[in-house]
Amino acid sequence: MSSLPLYNRLDLYLITAALLLAIGVYGLIRRRTLIGMLISGELIFSAASLNIMAFNRFTVHDPTVGQIFVLFIMGLAAAEVSIALSIIVAVYRNYRSVQTEELSELKG
Amino acid sequence: MNSFPAASAIATIVFVLCLITTAIGALIAVLSMRLIRSVCGLAICCIGLAGLYYFLNSPFLALMEILIYVGAVCVTIVFAVMLAEPEEPATHEKPAAAGFWGGTALAVGIAIFWGIGWLGTREAWSSPDKLTTDGSIQAIGRSLLTTYSLPFELISLALLVAILGALAIARTGRSKA
C-alpha cells in the first residue's frame, strides 16, 4: 500500500474529507452569523462530495455513478445557497442584523 | 512508465499542494473574523478541491467545481455580504460563553475528525477487479441521458423552483421607495 504514489492512496482522501467535515462542523457550531454558518455548511457539502469521489475512484466498478452523484450534489448546493441567501437578505431587511443571537422574537 | 523525467515526483508535489490548499482554505473560511475573508477562504478551499478531483480521474468535476463553487456560489455569497452585512459588528458575546462554545466546537470537531479518520483507515478497502466503464466525459453524458435522465430533469426543476423561490422571498418586505 505504501509503495503507491501519494495521490493513489484512498486513505489520504478520506482523511482530507474527514478534516473538511470536522472544520465545517466546528464552524457551524462556532459561527454567530447566518452567512458564516452557510459557508460552514458548504464545507460540509464539499467533504461529502470528496468522500463520494474518493470511493468512486478506488472501490467501485462503474466510475460514472459517483461523478453524476457529485454533480447532483453541486446542483442542489447551488439551489440551497440561493434560497438561504434570499432568506438571509429578507431577515436582514426585517431585523437589520444577521447575528443569530438577535433573531428571537418568541422570548418570554 | 512516463517519458517525462520525474513526472511522478512532480505529480506528488502538486497533489500535496492541493491538499494544503484545501486544508488552509477551509481553516481560513472558519477561523477568520471578517466574513469577506471567510468567503475568500471558501474559494481557496474549492480550488484545492478541484485539484483533488483532477487527481481522482475526473477533470469534468474539477471544471464544475471551479465553475459552480468559485464562480457562482462564492460570488453569490459576496453579494449577500454586500447587501446584508456592511461590516462585521463586534461580538457582544461574553468571554465565558465564547470559551464554552469554542471548546465545545473544538471537541466536536476533533472527535469527528478522529472518529472518521479511524473508521476510514482501519482496514484496507476492497478494490474492484475490473471496471465496466472508463468514467470519461462521454460515459458521464451517456449515463446522464439514459440511466439518470429522470434525476437530471428533477434537478433542473429543483433549480427552477429555487430561482423562483429566491426571487419571491427576497422581494417581500422591500419598500416601494
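Trainee: How far apart do the C-alpha centres of domain 1 of chain B and domain 2 of chain B lie?

Mentor: Keep in mind first that this is a predicted model. Chain B is divided into domain 1, covering residues 1-87, and domain 2, covering residues 134-177. Taking the C-alpha centre of each of these two domains, the distance between them comes to 23 Å.

Trainee: Which elements does chain A have, and in what order do they run from the N terminus on?

Mentor: Chain A holds three helices and zero strands. Read from the N terminus on, its elements therefore appear in the order α-α-α.

Trainee: Why is chain A described as more spread out than a compact globule?

Mentor: For 108 residues the globule rule gives 13 Å, and chain A lies well over that value, so it is more spread out than a compact globule. Along its principal axes, the C-alpha trace of chain A spans about 60 × 25 × 20 Å. The value behind the reasoning is the radius of gyration of chain A, which is 18 Å.

Trainee: What span does helix α1 of chain A reach from its first C-alpha to its last?

Mentor: Helix α1 of chain A takes in residues 10-30, which is 21 residues, and at 1.5 Å a residue the expected span is 30 Å. The helix comes close to that expectation, reaching 30 Å.

Trainee: How many of the residues of α1(A) are buried?

Mentor: A residue counts as buried if 20 or more other C-beta atoms lie within 10 Å of its own. Across the 108 residues of chain A, 52% count as buried. Helix α1(A) is mostly covered, and of its 21 residues the number buried is 16.

Technical notes:
Residues are numbered from 1 along each chain as its sequence is written. Chains are lettered from A and ligands numbered from 1 in the order in which they are written. This is a predicted model: local features need pLDDT of at least 70, side-chain atom pairs count only at pLDDT 80 or more; totals for chains, interfaces and linings use all residues. Domain bounds come from an automatic or database domain assignment. Helices (H or I, at least four residues) and strands (E, at least two) are DSSP runs, numbered from the N terminus. The expected span of a helix is 1.5 Å times one less than its number of residues. A residue is buried if 20 or more other C-beta atoms lie within 10 Å of its own, exposed if 12 or fewer, and partly exposed in between; C-beta atoms are placed from the backbone. The radius of gyration is taken over C-alpha atoms; the globule rule is 2.2 Å times the number of residues to the power 0.38.
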